[in-house]
Amino acid sequence: MSSHRLELGFLSFVPNPYGPDQAARALEDGLRLFEHAEQLGFDIGWIRVRHFEEFPSSPLTFLSAASQRTKRIRLGTGVIPMRYEDPIRLAEDAATVDLLSGGRLELGVSSGIPQFAPILDSVFGESDRGFSAESQHRLGRLRQALAGTPVAHSGAGFMSIPADADLTVTPASAGLGDRLWYGPGTLASAIRTGEQGLDIHVSTLNAEETGASFAAGQAAQLRAYKEAFARATAGTGRAPRLAAGRIILPFIDPRDADDYAGFTTGYASRMHADGRPHDPSVNIRFDRVHSGEPARIIDGLLADEALAEVTELTLTLPAPGGIDAHLRTLDAVAEHIAPALGWTPVG
């Protein structure tokens, strides 16, 4: 792990196991997770983003509510797919949440998943640039907006908008542009993230197959990112922030193994023991689930060479399991796992 204090986060899908007519109940479960994690001393809570699935599609609305139910824990999006976002509207919403939370927003973005394009392009608009190029174009616009760069000109003006004025996004939240994370999945995109001076958040999968183990492939991404970040920010005094997600399920309570049995069995059935999917045409490498006895989990995480590069370990909660199991997992990781890795709870 990093020589500095390791931060501990969690990431939740905020799943809805109750059915479409009980979405409010699922969102309330998610808010309970953020409240509980803050009580345990977690540094940050992240929320997943999905469109047209039984998970939140409006992460900043959720985090706005979470900001009013918590006081200290930082609030992150993990991650917003820029291909399907209006960057100016996103900047407006993000700045509003940051102000409401007292400067606690961590804005995580990525390109998105290209395989969704046949479904989502017709909904959110097509582009002649191509998936990745359009995502990067929108990311550039977002960064300009967060930095206070004019994004429009008023022309003749109208009502309270003055004539002949450069227009910037309002409200503005100072410093938010420096809390922008990117979620890459390949070596090339990790290097680009460093070159752009963004913080990096890698997940439980590598979106390319290089023949290396999951941890080795991700470690290579993080090291290349650090080198690119150092070159891009030389002389600024900025230090990179690196977060990595891991599925960590300590089985302490007798209910734990049963509550997660469906997930762990299903997860393992989709891939070989080394994380390669059974379908050889799918060029992705997954991390394993770190489950069972705490001592064995700790040994596995300490041997993970990618985690030696990070400043934050993110506990990735499975979508299945239920709110009670998720709350117990937060407890178990905070008490039995994270302290052995160098984390101390925030008071």
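Let me start at Val-79, which sits in the loop between strand S3, residues 74–77, and strand S4, residues 80–81, in what is, I should say at once, a predicted model. The bond that leads into this residue deserves a look, since Gly-78 and Val-79 are joined by a cis peptide bond with an omega of about -5°. There is another cis peptide bond to put beside it, between Thr-170 and Pro-171, again with omega at about -5°, and Pro-171 belongs to the loop between strand S7, residues 166–167, and strand S8, residues 180–182.

Staying with the backbone, I would like to turn to two phi angles. Val-14, although it is not a glycine, has a positive phi of about 50°, and its place is in the loop between strand S1, residues 7–12, and helix H1, residues 23–40. Met-159, also a residue other than glycine, has a positive phi near 50°, and it lies in the loop between strand S6, residues 152–153, and S7. Why do I single these out? Most residues other than glycine have a negative phi, and most peptide bonds are trans. As for their surroundings, Val-14 counts as buried because its relative accessibility, 4%, is under the 20% cut-off, whereas Met-159 is exposed because its relative accessible area of 74% is over 50%.

Coming back towards Val-79, we can ask what Ser-110 touches. Leaving aside residues up to four places away in sequence, Ser-110 is in contact with Val-79, Ile-80, Pro-81, Met-82, Tyr-182 and Gly-183. Ser-110 itself is part of strand S5, residues 105–110, and it is buried, because a relative accessible area of 9% falls under 20%. Its side chain also reaches the backbone nitrogen of Gly-112, at 3.3 Å.

Met-82 appears in a further set of contacts, those of Leu-142, which also touches Pro-87, Leu-90, Ala-91, Leu-107, Val-109 and Leu-180, again not counting residues up to four places away in sequence. Leu-142 is one of four residues, with Phe-10, Phe-42 and Val-109, that touch the most other members of the largest nonpolar core, which has 65 residues. Separate from this is a second core of eight residues, including Phe-263, Tyr-267, Val-289 and Ala-325.

Val-289 then takes us to the second largest pocket, since it is among the residues nearest the centre of that pocket, along with Ala-273, Phe-286, Asp-287 and Arg-288, in a lining of 21 residues. Two or more lining residues come from each of helix H7, residues 214–232, helix H9, residues 261–269, and strand S14, residues 290–292, and H9 gives the largest share, three residues. The volume is about 380 Å³, and the lining divides into nine nonpolar, seven polar and five charged residues.

How many cavities of 30 Å³ or more does a search of the whole structure find? There is one, and the largest cavity holds about 50 Å³ of space. Its lining is made of Asn-206, Glu-208, Thr-210, Ala-212, Ser-213, Gly-217, Gln-221 and Arg-285, which divide into one nonpolar, five polar and two charged residues.

I will finish with Ser-213 from that lining, which is found in the loop between strand S10, residues 205–206, and H7. Its side chain reaches the backbone nitrogen of Ala-216 at 3.1 Å. Ser-213 counts as partly exposed, because its relative accessibility of 38% lies between the 20% and 50% cut-offs.

Terms used. Residues numbered from 1 in each chain as written. Predicted model: local features only at pLDDT ≥ 70, side-chain atom pairs only at ≥ 80, totals over all residues. Heavy atoms only, no water. Core = buried A, V, L, I, M, F, W, Y, C linked by side-chain atoms within 4.5 Å. Buried < 20%, exposed > 50% of the residue type's maximum accessible area, 1.4 Å probe, protein only. Contact = heavy atoms within 4.5 Å. 1 Å grid on protein atoms, 1.4 Å probe; cavity = no way out; pocket = protein on both sides within 12 Å on 5 of 7 lines; lining within 4 Å. Points joined across faces, edges and corners; volume = space filled by probe spheres on them. Nonpolar A, V, L, I, M, F, W, Y, C, P; charged D, E, K, R; others polar. Helix = DSSP H or I, 4+ residues; strand = E, 2+ residues; numbered from the N terminus. Polar contact = N/O pair within 3.5 Å; in protein donor to acceptor, adjacent residues only side chain to side chain.
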